[in-house]
Amino acid sequence: MLPNTDIIHLPGLGEKKTKVIKKALNIHTVWDLLCYYPYKYVDRSKIYSLSEVKSGITHLQTKGTIKNIQTIGSGRKTRLSAQLVDGYASIELVWFSGVNYAKNKIQEGKEYLVYGRISVFNGHYSISHPEIKPYTPETLKLCVGQESHYNTSAGMKRMFLNSAGMRNIIYHAWQLTKNEIIETLPQYIISYYKLYSLVEAIRAIHFPKDAFDLEQARYRLKFEELFYNQLIVLKRAKSIKENGVGHLMSKVGTLFMDFYQKHLPFSLTNAQQRVIREIKEDISSGKQMNRLIQGDVGSGKTLVALMVMLLAKDNGFQSCLMAPTEILAQQHFLSISEMMKKIDIKIGLLTGSTTKKQRDVLLENLSLGKIDILIGTHALIEDTVQFNNLGMVIIDEQHRFGVEQRSRLWRKNTVPPHILVMTATPIPRTLAMTIYGDLDVSIIDELPAGRQPIKTEHRVESERDALLRFIKKEADKGRQAYIVYPMIEGNEGDDIQAVEQGYEYVKTHLPSLSVSMIHGKMNPKDKEREMSRFVNGETHILVATTVIEVGVNVPNATVMIIESAQRFGLSQLHQLRGRVGRGGEQSYCFLLTPTKLNYPAERRMSTMVSSNDGFVIAEVDMQLRGSGDIEGTAQSGDCIDFKIADLYKDVELLKIIRNQVQTILDVDCNLLLPDNSILHAEYKKREQSSVRWRDIS
Ligand code: ADP
Ligand code: MG
């Protein structure tokens, strides 16, 4: 059977089951099915004898003969009981539901392989609802070893497509197609890195003989996944460098010079200057720029963006600056308009709350080329937004934009605009190499002069009132404060309640101060009003959810209290903290948590307290996530979809692979050598379905 056969042709899968699987798991072909990897493995490599049962063992796999089957009780309380004996000892098997089904499955005097959780019932060892199968050579092949477990939906389970059911079907699928599975890595790679073949790896990922076998399979599959990611990313980077036509912006014109020499509110940091220089080189080369700016919070990326947009205008092009939230777009608009007061340049703002009337005028002017810089949210990427001559796209805090959203900006011009992506959170190296691997990277590794490091402290919730008194003291000096509450998806009701209660609490405890509140469920008008009251200094305190996390700039704010800080991830905490310390005053960040914290949360707090360096924080974040820190990872989707590779753990492997791929491309950039024919074919196949960074936009 060929791997691309529809799963309906597999034995045991009728029309109904096929439909359910397709719907629940998006599995259509036999190959899809073979690529549906288990989510966990249970060690069933050993069959215990019953005399080995002792306290401490939670799960038991054993074999024995069934004796003494009896139905006990009646009505809803009926239970089925049977003894399993192996010549040395016995154990009770019990069923509290599905009694009739179980009764038909077992027979006295026959031998069975049994697996389940051990408990003590009626004063002796028992297993309730055991997994039970006739003891045959075939069962042994399927069950003994590392047993794979599969996620299935409730609908699937109703049709007996539970984990065991899936294992069975996958076993058949594997048997029927194993001779038709075509290798996807060249032989020289397989031999050099001593990898399992693809066929072997697929077998072992589903039916590993032991832990080593499983590890080999995982290694091979990870290797392949990262290998093709890097092949696509590096090949693309090379071809942009060699062939990607871009707008020529070689002129440094009057707007740029005028602003730089006369109106710049402060002198640029060395890092800002260096990055602007790097960008100038890119855009005067005639090739398309694809650049990522990594700069810690507060390093002054907005100013860089602005100067780049002035360059674009000097060369006759329009620019757009896309921000992840409405508040941030508005802020960019205000601060950029302010800086451009004396400069002859037209700036527009387009967000979800722009009225129809304003919008029509704006779009008309945009298409006539009467607007030079358009700032906005993802409203910018709607098809109705037509530029006259878009030359520069700047995406701020890009990871908040979904791939789909980004790719829609592209259709706005025939020659691709230059792309500048700015991220605030330093990205772990693995992410930089995979997601942004085809972008050139600039780093702003310097904060503007005169900034004092923020003092960060970890406090327990009972100290809240003392912190409020601290806010009062700062407010008396004319400063402002943020109090931030977590907002976790799927839990909005509760979270908003927490913010609202917090707001009331602050108002009653600090009656002499005025307080603003914003959260995601407020209507845009109210949000805007509350936010601008705080930005303009009319209110002392802003109580908010993480809507303020990204970008917001109020240099007069010196205190940040983060409520339930244990619920935030590290990079999020760092982002939040970056909202203070933006002016010359000493600023403070307080992380409020319950007294008892689990290890990763404890570590996140201590990291925040001891470091202000985004790169250090990103590294710790990576380690913690690698160690299975679920709580801290519920962040915006900054990961691409690797099936088996783990971006937080596989850094070393990724580096090896990156070098290997680079070497191959240096020798054979179009993959035309006979040894690379497999690479050529696979590349073609996979490249089409992968995300293209330069086509973003
Ligand atoms: P981020 O990189 O986090 O986006 P911003 O661009 O918002 O940072 O800048 C943070 C603050 O620093 C702003 O108030 C901005 O005006 C100010 N700033 C930017 N560049 C400089 C500089 N070279 N010297 C002094 N202040 C600067
Ligand atoms: Mg910013």
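**Exercise 1.** Classify H129 by its relative accessibility.

*Solution.* H129 has 38% relative accessibility, so this residue counts as partly exposed. The cut-offs are these: buried is under 20% relative accessible area, exposed is over 50%, and partly exposed is in between, with a 1.4 Å probe and protein chains only. Next, place the residue. H129 sits in the loop between β6 (124-128) and β7 (131-134). Helices (H or I, at least four residues) and strands (E, at least two) are DSSP runs, numbered from the N terminus. Last, check the backbone. H129 is not a glycine, and its phi is positive, near 45 degrees.

*Ground rules.* This is a predicted model: local features need pLDDT of at least 70, side-chain atom pairs count only at pLDDT 80 or more, and totals for chains, interfaces and linings use all residues. Residues are numbered from 1 along each chain as its sequence is written, chains are lettered from A and ligands numbered from 1 in the order in which they are written, and side-chain values use heavy atoms, with hydrogens and water left out.

**Exercise 2.** Find the loop that holds F160 and describe its phi.

*Solution.* Start with the general rule: most residues other than glycine have a negative phi. F160 is not a glycine, yet its phi is positive, about 65 degrees. The loop runs between α5 (154-158) and α6 (163-177). F160 counts as exposed, because its relative accessibility is 57%.

**Exercise 3.** At what angle do helices α9 and α23 cross, and which term fits?

*Solution.* Two packed helices are described by the angle between their axes and the distance between the axes. Helix α9 covers residues 211-243, and helix α23 covers residues 651-667. Their axes come within 9 Å and cross at roughly 50 degrees. The axes are lines fitted to C-alpha atoms over the stretch in contact, and angles run from 0 to 180 degrees between N-to-C directions. Now apply the terms. Under 35 degrees is roughly parallel, over 145 roughly antiparallel, 65 to 115 roughly perpendicular, and the rest oblique. So α9 and α23 are oblique to each other. Sorted by class, their contact has 12 nonpolar, 3 polar and 5 charged residues. Ala, Val, Leu, Ile, Met, Phe, Trp, Tyr, Cys and Pro count as nonpolar, Asp, Glu, Lys and Arg as charged, and the others, Gly among them, as polar.

**Exercise 4.** Trace the contacts of L234 and K235.

*Solution.* Contact means heavy atoms within 4.5 Å. Take L234 in helix α9. L234 is buried, because its relative accessibility is 8%. Beyond four places in sequence, L234 touches R658, V661, Q662 and L665. Its C-alpha atom lies 9.6 Å from that of T434, 200 residues apart along the chain. Then take K235, also in α9. K235 is buried too, at a relative accessible area of 14%. With neighbours within four places set aside, its contacts are Q230, L665, C669, N670, L671 and Y683. On the α9 side of the meeting with α23, the residues include L234 and K235.

**Exercise 5.** Is T377 buried or exposed, and what does T377 touch?

*Solution.* T377 lies in the loop between β12 (373-376) and β13 (390-396). The relative accessible area is 5%, so T377 is buried. Residues up to four places away are not counted; T377 then touches M322, A323, T325, E326, A329, L350, T351 and G352.

**Exercise 6.** Describe the whole protein chain.

*Solution.* Count the elements: 24 helices and 21 strands. Of the 697 residues, 53% count as buried. The C-alpha atoms fill a box of roughly 95 × 70 × 45 Å along the principal axes. Among contacts between residues at least 6 apart in sequence, 74% join residues at least 24 apart.
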